[in-house]
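User: Pick one part of this model and take me through it closely, backbone quirks included. I'd like one connected account rather than a list, and feel free to add a bit of context from the rest of the chain.

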Amino acid sequence: MIRLTNIQLPLDHDEQALSDAILKKLEITADQLIDFTVFRRGYDARKKNSINLIYTLDASTRQDDFLLEKFIADQLVKATPDMEYKFVAQAPENLSERPVVIGFGPCGLLAGLVLAQMGYKPLILERGKEVRERTKDTFGFWRKKVLNTESNVQFGEGGAGTFSDGKLYSQVKDPKHYSRKVLNEFVEAGAPDEILFVSKPHIGTFRLVSMVEKMRAKIIELGGEIRFSSRVDGVDIKNGQIRGVTLSTGEKIQSRHIAVAIGHSARDTFQLLLDNGVHIEAKPFSVGFRIEHQQSTIDKARFGRNAGNPILGAADYKLVHHCKNGRSVYSFCMCPGGTVVAATSEEGRVVTNGMSQYSRNERNANSAVVVGIDPSDYPGGPLAGLDFQRELESQAYVLGGENYDAPAQRVGDFLKGKPSENLGSVTPSYTPGIKLTDLSKALPDFCIEAIREAIPAFNRKINGFALDDAILTGVETRTSAPINIKRGDDFQSINTKGLFPAGEGAGYAGGIMSAAIDGIKIAEAMALSINKEF
Ligand code: FAD
């Protein structure tokens with residue numbers, strides 16, 4: 001097979017245009033082309049009134065070898081790489097001890113699945129409930145303000161990304177094509193086929209829920225076990241070797257191979273690990289607000305007269321601005337046609353995030369607008385970033401009226417520095433509700449200064465971004481883990497053998513895809529380590 005990259009065609013091209021483009025590029029006739037598939041489809045919207053689709057195509061011809069030789073100097077014509085996932089190990093037949101995975105988010109899910117596929121029969125421990133029960137609890141909080149601190153947007157089967165836009169793209173380097181393995185597993189579990197080829201795949205909340213259930217069933221079928229409402233509250237570490245964990249029920253589980261895929265919100269578990277001597281360091285993260293515009297404003301700014309084209313879907317954006325005070329402000333986790341959600345896992349705190357359905361057809365576009373911060377902004381020990389987050393989240397709770405409503409402000413008022421008193425054309429989507437106020441009190445001054453500078457700069461790229469009526473809600477603090485549980489080349493903690501820090505919570509991923517990829521790497525490292533000791 002020959003992979004052709006950067007094949008550009010107009011947005012409204014017909015079916016025949018794809019094979020015509022292959023024939024032209026390879027300088028062959030129709031009878032020499034056997035078949036082709038679309039590996040990737042993206043678009044170039046820099047000229048919004050003449051948007052091009054950009055394809056990567058895999059073509060099978062009657063003379064692949066000859067053509068690859070002929071185009072040897074052309075970087076856009078190469079042999080299609082082998083992307084099939086190959087397991088690195090098989091479990092020994094008389095395996096006496098199960099590997100344990102703590103956390104059943106995207107990282108724990110893929111770690112558990114790959115371990116199960118290799119025959120290791122993993123035991124997965126998840127503090128939250130199974131996904132249907134969790135959905136009831138999460139919507140209960142959004143609708144009735146009843147927070148279950150163990151079953152919410154952050155905790156429960158599927159992890160933090162379950163109630164999300166389900167964006168699946170990531171910028172991590174992936175020379176071994178792990179992302180293909182993740183996408184194939186997701187499609188097998190019910191994700192739409194198009195995630196395999198669109199350049200910015202997304203799944204949306206409702207599909208994620210049923211996919212997670214199917215993947216759970218597959219792990220169980222392969223001999224794995226998943227225990228819900230099973231919070232790890234204790235760890236047994238002796239002479240620098242993990243030996244087991246204790247659950248909130250008091251039950252003790254022995255294992256010398258334990259993955260910690262607990263996400264960025266397991267603050268109590270971070271403390272537990274630190275108290276037991278696991279090496280943890282503070283790391284940079286970001287804080288800010290969610291911004292909402294009408295989706296039609298974003299579509300028009302990005303796609304001009306092509307706004308509404310079904311191939312393009314609801315428009316997204318990715319923005320960054322380097323400020324005079326040395327800070328960077330960037331858009332994060334942009335959710336086209338979605339809603340802003342209440343994402344706290346702790347009482348008396350307000351945290352924002354965003355989600356959408358597969359159709360992305362809600363009225364508003366939302367995105368976080370966040371400022372990069374550094375451990376020097378919150379001096380203290382390795383967990384000082386958690387205290388910093390908590391302080392901002394508690395302050396937001398107070399500003400919102402101490403009832404889980406989020407503090408909010410119109411962008412025009414925020415830029416002018418005056419409290420908002422009424423809404424304009426953009427209706428905030430955050431539930432349970434918002435309280436109009438002055439958001440300048442919600443973040444440190446240097447953050448406010450940076451965001452005030454960035455919004456007009458973003459408006460120069462997305463016309464309408466700084467619209468007076470656009471809405472800010474806050475605070476967005478759970479952008480990534482403020483810590484790094486250091487691991488070595490063997491993926492084990494640098495001072496606790498057998499403990500495999502994994503995914504977003506340990507500081508090795510940011511988003512569903514990168515967390516899932518890290519899960520595969522961790523499964524491989526655990527399997528190899530088990531086999532070495534066996
Ligand atoms: P998590 O998904 O956080 O999973 C960790 C799991 O560990 C949780 O289920 C938790 O209950 C469990 N756990 C924690 N402590 C313990 C313990 N002591 N014992 C047992 N279990 C424990 N990313 C994207 O790429 N695209 C998006 O569109 C997107 N949208 C998002 C929307 C929202 C509302 C949120 C909150 C996040 C979103 N993200 C998105 C981020 C993404 O969800 C995370 O990056 C990803 O889930 C991290 O995966 P993880 O497996 O490392 O951790």
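Analyst: Quick bit of vocabulary before the percentages: helices here are DSSP runs of H or I with at least four residues, strands are E runs of at least two, and the numbering starts at the N terminus. Also keep in mind that this is a predicted model.

The part I'd pick is the stretch that UniProt, in an unreviewed entry, lists as "domain: FAD-dependent protein C-terminal", residues 284-479. Over residues 284-479, helix makes up 23% of the chain and strand 27%. The C-alpha atoms at the two ends of that stretch sit 10 Å apart.

Now for the backbone, going along the chain. Have a look at E402, in the loop that runs from helix 9 (384-399) to strand 19 (406-410). E402 isn't a glycine, yet its phi is positive, about 60 degrees. Further on comes a cis peptide bond, the one from T431 to P432, with omega near 20 degrees. P432 belongs to a loop too, this one between helix 10 (411-416) and strand 20 (434-436). Then there's G474 and V475, again joined by a cis peptide bond, with omega about 0 degrees. Here the setting is a strand: V475 is part of strand 21, which covers residues 471-476.

For context, go to the other end of the numbering, where N6 lies in strand 1 (residues 2-10). N6 is another non-glycine residue with a positive phi of about 60 degrees. How exposed is N6? Its relative accessible area is 39%. Buried would mean under 20% and exposed over 50%, so N6 counts as partly exposed.

One more piece of context is a little sheet that's easy to trace by eye. Three strands make up this open sheet, in the order 8-9-10, with antiparallel pairing. Strand 8 (232-238) and strand 10 (252-254) are the edges, each pairing on one side only. On average, neighbouring strands in this sheet are turned by 25 degrees against each other, ignoring direction. Zoom in on strands 8 and 9 and you'll find six bridges joining strand 8 to strand 9 (residues 241-247), the two running antiparallel. If you want a landmark for that pairing, use D236: its bridge partner in strand 9 is G244.

Back in the annotated domain, then, the spots to click on are E402 for its positive phi, T431 to P432 for a cis bond, and G474 with V475 for another cis bond.

Definitions and conventions: Residues numbered from 1 in each chain as written. Predicted model: local features only at pLDDT ≥ 70, side-chain atom pairs only at ≥ 80, totals over all residues. Heavy atoms only, no water. Pairing = 2+ DSSP bridges. Axes fitted to C-alpha atoms, helices over the stretch in contact; angles between N-to-C directions. UniProt positions renumbered as here; feature names shortened; annotations may be inferred. Buried < 20%, exposed > 50% of the residue type's maximum accessible area, 1.4 Å probe, protein only.
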